[in-house]
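Student: Could you take a close look at one part of this model with me, and then show me what else is worth a visit? Here is the thing itself.

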Amino acid sequence: MTGRAGVVGGNRGVGSSELRPDGAAKVGGAFAYAGDLRVPGMLHARTLRSPHPRARIGRVDTAAARRLAGVLAVVTAADVPGVATYGLISADQPVFAATEARYAGEPVAAVAAVDAATARRALAAIRVAYEPLPPLVDPGLAAEPGAELVHPDGNIYREITLTHGNPSAEGPVAVEDSYFVGMQDQAFLAPEAALVVPAADGGLDLRLATQWLHSDREQIAACLGLPESLVRLELAGVGGAFGGREDVTLQIHGALLALATGRPVRIAYDRVESFLGHPHRHPARMWFRHTATAAGDLVSVHARILMDGGAYTSSSPAVLANAVTHAAGPYRVPNAQLDGTVVRTNNPPCGAMRGFGVPQVAFGHEAQMDRLADLLGLHPVALRTRNALRPGDVLPTGQILGAPLPAREAIEAVAARPLPPPLTAAAPETALPGGRATAATHSRVRRGIGFALGYKNLLFSEGFDDASTARARLALDSDGVPFGTVHSACSEVGQGFVTVAGQIARTELGVERIELLPADTGIGSAGSTSASRQTWMSGGAVHGACVAVVDRLLARVARSLGLPPEVVESPRRSLVIDGGEIIGTETGTRLPLAEALADGGPVEAEYTFHHRRTTALDARGQGDPHVAFAAAAHRAVVDVDLDLGLVRVVAMALAQDCGTVINPLSLRGQVEGGTAQGLGLAVMEELVTVGGVVTNPTLHDYLLPTAADVPALDFVALTYPQPGAPYGVKGVGEAPTCTATAAVVAAIRDAVGRDLRRVPVRPVDLVDLSALADPAGR
Amino acid sequence: MSAGPAGPVDGAEGDDTEGDDGWEPLQYHLNVDGTRRVVSGARLEESLLTVLRERLGVTSVKDACEQGRCGACSVLLDDRLVTACTVLAADAVDARVLTVAGLGASGPAARIQAAFLAHGAVQCGFCTPGLVVAVTDLLGRRPAAGEQEIREALAGNICRCTGYGRILAAVRDVQAGRAPGGSGAPGGSGANRTNGVGGA
Ligand code: FES
Ligand code: FES
């Protein structure tokens, strides 16, 4: 924290609302995103995709395409020199479909040409002999024994059976129902892009937008048959990610074309390809049965979850583990049977999206809690506070919940926030559901209030050591002024790591000026920008590297001052850096930092941060799988037009367990953005497939929340420090996305009195069409 | 947009298949940010967005949907707010095209940019150039626009990162004529609990 003995962050260190170092370039339009990169002589690449969700592939005839003037290369499965497949967890996704296409949109070939128009014409000239086969698109059928196999590896990506306590124990009060969550897309604003430049050493330099440079490198190198040292990646400007850039998409295609032509290749998607090119949030079919005592204490939770992973593995097994282990929500549940399956189908692949399996189950368990409250005659908040987890409680996995987890405090805090004023007849059309275009009749608008409580694991789980490495350096600039340098491969995707890293370095190194080197593979992995992990993990690495630099410098100074060996051993006991000076705490001696650096030269250190060890789930779903959790609670207020089925979200309140806040302004941006994405899933966002084919892969048909859809967020930060994390931080990006959807739908239910078992909620789910079908209105 | 088989699939592209498809390369001038720029070898069907980005290298204008749905490519065409992806470049020949880069280092746009920065309205920033243009247009026309009018006016500009809260805060601040606050936003996290972290 600022003001801590021995460190100075000043007003630009940890805890300040320091502004983004890349902000000026971004507001002026000068910031270079991956899609903005151009080099002389570069080629333009495009990808040919299967229009069929399932088809045998015969001959891929590229001869006509190759003959086109301006076409430099066409590559197909036959041109992949290394491993033919790749993937985050299981390498089962072909670089190009070879003998069978398993989803509509699967890459079959790629071309490089002198310009994009020529590349497009070349795609049209490629003849692919498809033999369409009936696709398996129903996840329920895919899971059945004896189902036709979508892939030789089988249709079941993972199955988890979690048994906790005595699953046959029952309370006297029970609610049971089924729920469905549609396929959401990350829809980051800047579509995928990379610039691949062949190097003289036979390797490649890639500048690209990704969430995890080192994972990309590993997969690219394996498919190219190159040593990883010859595949160098540098992060270009990234226009959002939200999980959608965790998988490799166009990287290997671009690399193959660059190697084939010996020229730089720009490969980029348009919006349609972006929708087809990356995995989405898993659609989920869920069944829940909750039982409780008459007083409202949960006795048991049973859940069965079926997720559709689509054609290739991506991160499906990990998403399922999250869904199952969070299925009971942040509640004390003595007995549970939580079962889940994620299956392979001929639908588009699904993988990581903000919340990673938790928003789905949160929608289910929160609907159940509301129904239970209703049956018990309890207020929804009262039932939740009564059952909310407390540190020390045993989770369904057998894991003991660590502190802090202010779940109860979160739901109480949102419930205590002031409500918006009621809708009056004086409200302008623009304040009604439907806005100006399809404004409602005042008297037909109903208001509803809904609550949701949730929690989300932080960092990677199940024994994975997602360590992060960073390097720090303290040196003098050309004017003799000390400054710090930080190097990390952490992907800045918009979340603000670049700001946080500078704040931490400023605080620990005690200098104002911090230079952040580009994120690249010239340093060890920082892990993925996902799982709410970078402020904790890469923040921890930067913190550790900076602390090591200061330790080294102080030890050197102690040695040069002739201080006793025990001081040299732990110099912080006698020396501190403050205000640009190294001060002897007992002696009062003062040595300018600049002088110390001039005398002994720059100081550098590298540090790798590991989180505490976790364990895999055993055959009964038991273990210690999650590093830590963050709780969040939302309250949503909605107005619903009963005639048109249109919803207006009037107000949202959020109380979230944030740990120590490194940057209040960034925090606020994260929770507002996360809330908006959850709102989108509640009322508008769904990638619709018919027979495995996405029917709405455009921003015209896939609706995203606009400024007119997202209300102001009334936000309460609960800031209990998290043990084991630098400064006591918690990850903050995902928790609000997990609860916003459930809260909005709860509010709609409250307004219209319908069950609403699926999201997104559509107008057709809200209006009574039977009156239309039967003019007599019977 | 009709629902159809997805994407650039085989044979689904509208372009001609081979060789000389009979198009006549165009040459014309565009006035971009006050500078006369020569466009040559262009096709008639190219959008202003394509010509700006791919022929003139003006990459500050962003490309996120090419359907007029996201506002990332917002520019002013003779002081009118348009999405560059839905305007033919050839139609802009006699007009003044103003991008975010040409809005000026001082004046209203600069204040808007400073407020975006100060209020955390920028995360990934991909929506930002378009939003700065759209807000400049809005406040130029309707300096005292109310909350609901601002929201509706900006509804053509999608931001996937921020949830719009900080963007609206920035707009309100510019309206109020307040100097952007820099890093002076409330910081405290010493207490266990802070309401409204980061200011409203
Ligand atoms: S790219 Fe023009 S509006 Fe989206
Ligand atoms: S800041 Fe990323 S889209 Fe707006």
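How far apart do the end C-alpha atoms of residues 28-134 of chain A lie, and what percentages of the span are helix and strand?

Tutor: Sure, but keep in mind that this is a predicted model. The end C-alpha atoms of residues 28-134 of chain A lie 51 Å apart. As for what's in between, 36% of the span is strand and 15% is helix. The label on this stretch comes from UniProt, where an unreviewed entry gives residues 28-134 of chain A the feature "domain: Aldehyde oxidase/xanthine dehydrogenase a/b hammerhead".

Now let's cross to the other chain by way of Thr59(B). Leaving out its neighbours within four places in sequence, Thr59(B) is in contact with Asp36(A) and Arg38(A), and with Arg53(B) from its own chain. You'll find Thr59(B) in the loop between helix H1 (48-55) and E3 of chain B. It's in a loop, but Thr59(B) still counts as buried, because its relative accessible area is 18% and the cut-off is under 20%.

Since we've landed in chain B, let's look around. Chain B has 5 helices and 6 strands, and from the N terminus they run β-β-α-β-β-β-α-α-α-α-β. Of its 200 residues, 50% are buried. Take the contacts in chain B with a separation of 6 or more: 50% of them are between residues 24 or more positions apart. The chain exposes about 8,300 Å², with carbon and sulfur atoms supplying 48% of that.

The run of helices holds a pair you may like. Helix H3 (residues 128-141) of chain B packs against helix H5 (residues 165-175) of chain B at an angle of about 35°, and the axes are 12 Å apart. The crossing of H3(B) and H5(B) is right-handed. From H3(B) come Leu131(B), Val135(B) and Leu139(B), which meet Ile167(B), Val171(B), Val174(B) and Gln175(B) of H5(B). Sort the residues of that contact and you get 6 nonpolar, 1 polar and no charged.

Just ahead of H5(B) there's a backbone oddity. Most residues other than glycine have a negative phi, and most peptide bonds are trans. Tyr164(B) has a positive phi, near 75°, and sits in the loop between helix H4 (147-153) and H5 of chain B. Tyr164(B) counts as buried, because its relative accessibility is 2%. Asp78(B) also has a positive phi, near 50°, in the loop between strand E3 (74-77) and strand E4 (80-83) of chain B. Asp78(B), though, is partly exposed, at 40% relative accessible area.

Back in chain A, the peptide bonds get their turn. The bond from Ala403(A) to Pro404(A) is cis, with omega near -5°, and Pro404(A) belongs to the loop between H10 and H11 of chain A. Val759(A) and Pro760(A) are joined by a cis peptide bond too, omega about -5°; Pro760(A) lies between strand E31 (758-759) and helix H18 (763-766).

H10(A) deserves a pause. In this helix, residues 380-387, the buried residues are Val381(A), Leu383(A), Arg384(A), Thr385(A) and Asn387(A). Their cover includes strand E16 (298-308), helix H9 (358-376), helix H11 (407-415) and strand E18 (445-458) of chain A.

Last stop: a pair of charged side chains in chain A. Arg217(A) is in helix H5 (residues 213-224) of chain A and is buried, at 14% relative accessible area. Setting aside residues up to four places away in sequence, Arg217(A) touches Glu228(A), Val231(A), Leu233(A) and Thr521(A). Glu234(A) lies in strand E13 (residues 231-235) of chain A and is partly exposed, with a relative accessible area of 29%. With the same residues set aside, Glu234(A) touches Leu206(A), Arg207(A), Leu208(A), Leu213(A), Pro518(A), Ala519(A) and Asp520(A).

Notes
Residues numbered from 1 in each chain as written. Chains lettered and ligands numbered in written order. Predicted model: local features only at pLDDT ≥ 70, side-chain atom pairs only at ≥ 80, totals over all residues. Heavy atoms only, no water. Helix = DSSP H or I, 4+ residues; strand = E, 2+ residues; numbered from the N terminus. Buried < 20%, exposed > 50% of the residue type's maximum accessible area, 1.4 Å probe, protein only. Contact = heavy atoms within 4.5 Å. Areas by Shrake-Rupley, 256 points an atom, 1.4 Å probe, with all protein chains shown as cover. Axes fitted to C-alpha atoms, helices over the stretch in contact; angles between N-to-C directions. Left-handed = near helix turned anticlockwise from the far one by under 90°. Nonpolar A, V, L, I, M, F, W, Y, C, P; charged D, E, K, R; others polar. UniProt positions renumbered as here; feature names shortened; annotations may be inferred.
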